[in-house]
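The following exercises are to be worked through with the sequence and the coordinates at hand. Each task is followed by a solution in steps.

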Amino acid sequence: MSDETTNGAVAPAAEAAGPAFSVEKIYVKDVSFEVPGAPAIFSENVQPELQLNLNQRVQRLNENVFEVVLGVTLTCKAGDKTAYVAEVQQAGIFGLVGLEAQAVDVLLGTQCPNILFPYVRQLVSDLVQAGGFPPFFLQPINFDALYAETVRQRQAQADNGGELANSEPAGNA
């Protein structure tokens with residue numbers, strides 16, 4: 001495929017190709033694993049309770065580049081004691097060129113966290129197992145449904161006189 005030229009100049013590739021979505025980089029932004037009651041916690045014979053907290057942040061780096069951070073905090077309690085806490089912030093830098101604002105918002109709220117999630121799942125599983133506990137596998141998450149709920153909340157906020165309806169993309173989890 002040849003680049004189009006205008007007055008002898010080569011057209012920018014992004015403009016010639018039309019709308020584009022790209023993964024520029026995927027990286028671990030922050031990781032923490034704690035076993036506050038070790039080694040006594042390993043002799044506890046109590047059914048563990050797990051609490052999962054999921055969050056997402058979006059930051060615009062420039063006009064067409066965004067950082068998306070998918071954060072997971074997994075807390076395991078054994079009775080009234082904390083067995084372990086695993087915290088992972090998996091990040092990615094994504095390029096979105098030639099897309100309407102609504103399409104950018106949808107991609108940042110659905111596709112980007114879907115791309116990051118397998119990395120989070122693997123890292124959490126590895127941390128828990130390396131901490132001396134049975135492996136924990138995060139179940140699949142429907143980011144499309146989470147995004148739809150976020151849109152519904154934005155609309156409700158806008159209907160109540162809020163200003164979130166036209167705000168900058170901010171994630172959905």
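A residue is called exposed when its relative accessible area is over 50%, and buried when that area is under 20%. The model treated here is predicted.

**Exercise 1. Establish the overall make-up of the model and how far it may be read in detail.**

Solution. Begin with the confidence scores: the average pLDDT of the protein is 87, and 83% of the residues reach at least 70. Over residues 1-14, however, the pLDDT is below 50, and this stretch has six contacts in the model beyond near neighbours in sequence. Where pLDDT is low, the predicted coordinates should not be read in detail.

Next, list the secondary structure, which comprises three helices and six strands. Read from the N terminus, the order of the elements is β-β-α-β-β-β-β-α-α.

Finally, consider burial and contacts. Of the 173 residues, 31% count as buried. Among contacts with a separation of 6 or more, 68% are between residues 24 or more positions apart.

**Exercise 2. Derive the strand order of the four-stranded sheet from its pairings.**

Solution. Step one takes S4 (residues 48-62) and S5 (residues 65-78), which are antiparallel and share 14 bridges. Two residues link S4 to S5 in a hairpin. Within this pair, proline 48 is opposite alanine 78.

Step two takes S5 and S6, an antiparallel pair with 14 bridges. Here valine 65 has glycine 95 of S6 as its bridge partner. The two strands form a hairpin with two residues between them, and glycine 79 in that turn has a positive phi of about 70°.

Step three takes S3 and S6 (residues 81-97), joined in the antiparallel sense by 13 bridges. Two positions illustrate the register: lysine 25 is bridged to isoleucine 93 in S6, and phenylalanine 33 is opposite alanine 86 in S6.

Putting the pairs together gives an open antiparallel sheet in the order S3-S6-S5-S4. Strand S3 (20-34) and S4 each have a single partner strand and stand at the edges, so one side of each lacks a neighbour in the sheet. With direction ignored, neighbouring strands are turned by 15° against each other on average.

**Exercise 3. Determine how strand S6 is enclosed, and describe the surroundings of glutamine 90.**

Solution. Count the buried residues of the strand: they number 12 of 17 in S6, so this strand is largely enclosed by the rest of the structure. Then consider the helix: H2 (residues 101-130) lies across S3, S4, S5 and S6, and runs at about 140° to S6.

Glutamine 90 is located in S6. Because its relative accessibility is 3%, glutamine 90 counts as buried. Its side chain has a polar atom 3.0 Å from the backbone oxygen of tyrosine 27. Outside its neighbours within four places in sequence, the contacts of glutamine 90 include Ile26, Val69, Leu116 and Tyr119.

**Exercise 4. Compare the settings of two loop residues, glutamine 47 and glycine 131: is each buried or exposed?**

Solution. Glutamine 47 belongs to the loop between S3 and S4. With a relative accessible area of 66%, glutamine 47 is exposed. Its C-alpha atom is separated by 6.4 Å from that of alanine 78, 31 residues apart along the chain. The loop between S3 and S4 also holds proline 39, and the peptide bond from alanine 38 to proline 39 is cis, with omega near 0°.

Glycine 131 lies in the loop between H2 and helix H3 (143-159). Its relative accessible area is 16%, so glycine 131 is buried. Residues up to four places away in sequence aside, glycine 131 touches Phe33, Val35 and Phe42. The C-alpha atoms of glycine 131 and alanine 86 are 9.6 Å apart, although these residues are 45 apart in sequence.

**Exercise 5. How many disulfides does the structure contain, and are cysteine 76 and cysteine 112 buried or exposed?**

Solution. First apply the cut-off: a disulfide needs two cysteine sulfur atoms within 2.5 Å. A search of the whole structure returns zero disulfides. Then turn to accessibility: cysteine 76 has a relative accessible area of 5% and is therefore buried. Cysteine 112 is likewise buried, with a value of 0%.

Key: Residues numbered from 1 in each chain as written. Predicted model: local features only at pLDDT ≥ 70, side-chain atom pairs only at ≥ 80, totals over all residues. Heavy atoms only, no water. Pairing = 2+ DSSP bridges. Buried < 20%, exposed > 50% of the residue type's maximum accessible area, 1.4 Å probe, protein only. pLDDT = per-residue confidence, 0-100. Contact = heavy atoms within 4.5 Å. Axes fitted to C-alpha atoms, helices over the stretch in contact; angles between N-to-C directions. Polar contact = N/O pair within 3.5 Å; in protein donor to acceptor, adjacent residues only side chain to side chain.
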